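Reader: Hey, got a minute to walk me through this one? I'd like to go over the pockets and the packing.
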Amino acid sequence: MKETRRQTAVPAEATAHLVATDPTLAALVARIGTLEYKLEPDLWRSLVGSIIGQQLSVRAAATIRARIAALGSNGFPGPDVILAAADEDLRGCGLSRAKAGYVRDLAHRYLAGEIDPSTLRGLPDEEVIQDLVRVRGVGRWTAEMVLIFCLGRPDVLAVDDLGIRTAVQRAYGLDERPGGPDLVRIGDAWRPFRSYASLYLWESLKV
């Protein structure tokens, strides 16, 4: 499976909406400028990458992902290769015992037809989440990352994401990180482009 990730930019329509509806986001947009991010349209690769990235730094996750990719003969191993791989091979890539089990469960469900990319792409966000969380190790946050960075859904707000909560605290001058209800309230102005607001918030932690 060849590499399919591609660089894409936040749509101008979304940026204009955020600037017009939220002065704080407008300040972030002015500081950051045109924002590009990587979209991974391959659902299998996106899910594996999301499982790998759980509770890890970006750098550590990228290292493990590269090692997993090396197991494939053409860029990235498919579900059949993952199921055929020895446990020590998966652990040798840096996967914990639990995550090795998670990617095997994902591979099994893929090959059994329980996860069908074409079907998921036609489902509403919440139904996609409910389908994906049946996989071992895939929680709501992981499913939301897939919605944003694989399926390209424009209006996803991951209220449990620590990065977004920290970014909102800093940008809005809050005394503490906002909880879920407060984040939903603040983010209401961003609809229907909360995914892109999230991208700017994540980026604001780097600049």
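Author: Sure. Keep in mind that this is a predicted model. Let's start with arginine 153, which is found in the loop between helix 10 and helix 11.

Reader: OK, is arginine 153 buried or exposed?
Author: Arginine 153 counts as buried, because its relative accessibility is 12% and the cut-off for buried is under 20%.

Reader: What does its side chain reach?
Author: The side chain of arginine 153 gets to the backbone oxygen of leucine 123, at 2.9 Å.

Reader: And which residues is arginine 153 in contact with, leaving aside its neighbours within four places in sequence?
Author: With those neighbours set aside, the contacts of arginine 153 are Leu120, Arg121, Gly122, Leu123, Pro124, Asp125, Val128, Leu147, Ile148 and Ser195.

Reader: Leu147 sits in helix 10, right? Why call helix 10 largely enclosed?
Author: Because seven of the 10 residues of helix 10 are buried, the helix is largely enclosed by the rest of the structure. The buried ones are Thr142, Ala143, Glu144, Met145, Val146, Leu147 and Ile148.

Reader: What do those buried residues of helix 10 pack against?
Author: Their partners are strand 2, helix 3, helix 9 and helix 13.

Reader: How many residues of helix 13 are buried, then?
Author: For helix 13 the count is 10 of 11, which makes it mostly covered. Among the buried residues are Arg194, Ser195, Tyr196 and Trp202. They pack against helix 1 (12-21), helix 2 (23-32), strand 2, helix 10, helix 11 and helix 12 (180-187).

Reader: Switching to pockets. What volume does the largest pocket have?
Author: About 1400 Å³. It is lined by 35 residues, and the closest to its centre are Gly53, Val58, Trp141, Met145 and Phe149.

Reader: Which helix gives the most to that lining?
Author: Helix 3 does, with six residues. Other elements that each supply at least two include strand 2 (36-39), helix 4 (58-69), helix 10 (140-149), helix 11 (162-172) and helix 13 (194-204).

Reader: I'm thinking about probes for docking. How does the lining of the largest pocket split by class?
Author: That lining has 15 nonpolar, 10 polar and 10 charged residues.

Reader: What about the second largest pocket, what volume does it have?
Author: About 170 Å³ for the second largest pocket. By class, its lining has six nonpolar, no polar and six charged residues. Asp125, Glu126, Arg140, Glu144, Asp155 and Arg194 are among the residues that line it, and so are Ile129, Leu147 and Val184. Helix 9 (125-132) and helix 10 each supply at least two residues there.

Reader: Let's go to the core. How many residues are in the largest nonpolar core?
Author: There are 62 residues in the largest nonpolar core, and Leu106 and Trp190 are those with the most contacts inside it. In soluble globular proteins, nonpolar side chains tend to be buried together.

Reader: What is tryptophan 190 in contact with, leaving aside its neighbours within four places in sequence?
Author: Tryptophan 190 is then in contact with His17, Leu18, Asp22, Leu25, Leu157, Val168, Tyr172, Ala197 and Leu201.

Reader: Any odd backbone spots to flag? Which residues does the cis peptide bond join?
Author: The cis bond joins arginine 191 and proline 192, with omega about 0°. Proline 192 is in the loop between helix 12 and helix 13. Glutamine 55 is another one to flag: its phi is near 60°, a positive value in a residue other than glycine. You'll find glutamine 55 in the loop between helix 3 and helix 4, and at 85% relative accessibility it counts as exposed.

Reader: Back to helix 11 for a sec. Is glycine 163 buried or exposed?
Author: Glycine 163, which has its place in helix 11, counts as buried at 19% relative accessibility. Apart from neighbours within four places in sequence, glycine 163 is in contact with Trp202 and Leu205. Its C-alpha atom is separated by 9.2 Å from that of serine 198, 35 residues apart along the chain.

Reader: Last one: where is threonine 4?
Author: Threonine 4 is in the segment before strand 1 (6-9). At 31% relative accessibility, threonine 4 counts as partly exposed. Not counting residues up to four places away in sequence, threonine 4 touches Leu39, Glu40, Pro41, Asp42 and Arg45. The C-alpha atoms of threonine 4 and proline 41 are separated by 6.9 Å.

Conventions
Residues are numbered from 1 along each chain as its sequence is written. This is a predicted model: local features need pLDDT of at least 70, side-chain atom pairs count only at pLDDT 80 or more; totals for chains, interfaces and linings use all residues. Side-chain values use heavy atoms; hydrogens and water are left out. A nonpolar core is a set of buried Ala, Val, Leu, Ile, Met, Phe, Trp, Tyr and Cys residues joined through side-chain atoms within 4.5 Å. Buried means under 20% relative accessible area, exposed over 50%, partly exposed in between (1.4 Å probe, protein chains only). Contact means heavy atoms within 4.5 Å. On a 1 Å grid over the protein atoms alone, a cavity is a set of points where a 1.4 Å probe fits but cannot get out, and a pocket is an open set with protein on both sides within 12 Å along at least five of seven lines; lining residues have an atom within 4 Å of a point. Grid points are joined across faces, edges and corners, and a volume is the space filled by probe spheres set on the points. Helices (H or I, at least four residues) and strands (E, at least two) are DSSP runs, numbered from the N terminus. Ala, Val, Leu, Ile, Met, Phe, Trp, Tyr, Cys and Pro count as nonpolar, Asp, Glu, Lys and Arg as charged, and the others, Gly among them, as polar. A polar contact is a pair of N or O atoms within 3.5 Å; within protein, one must be able to donate a hydrogen and the other to accept it, and residues adjacent in sequence count only if both atoms are side-chain atoms.
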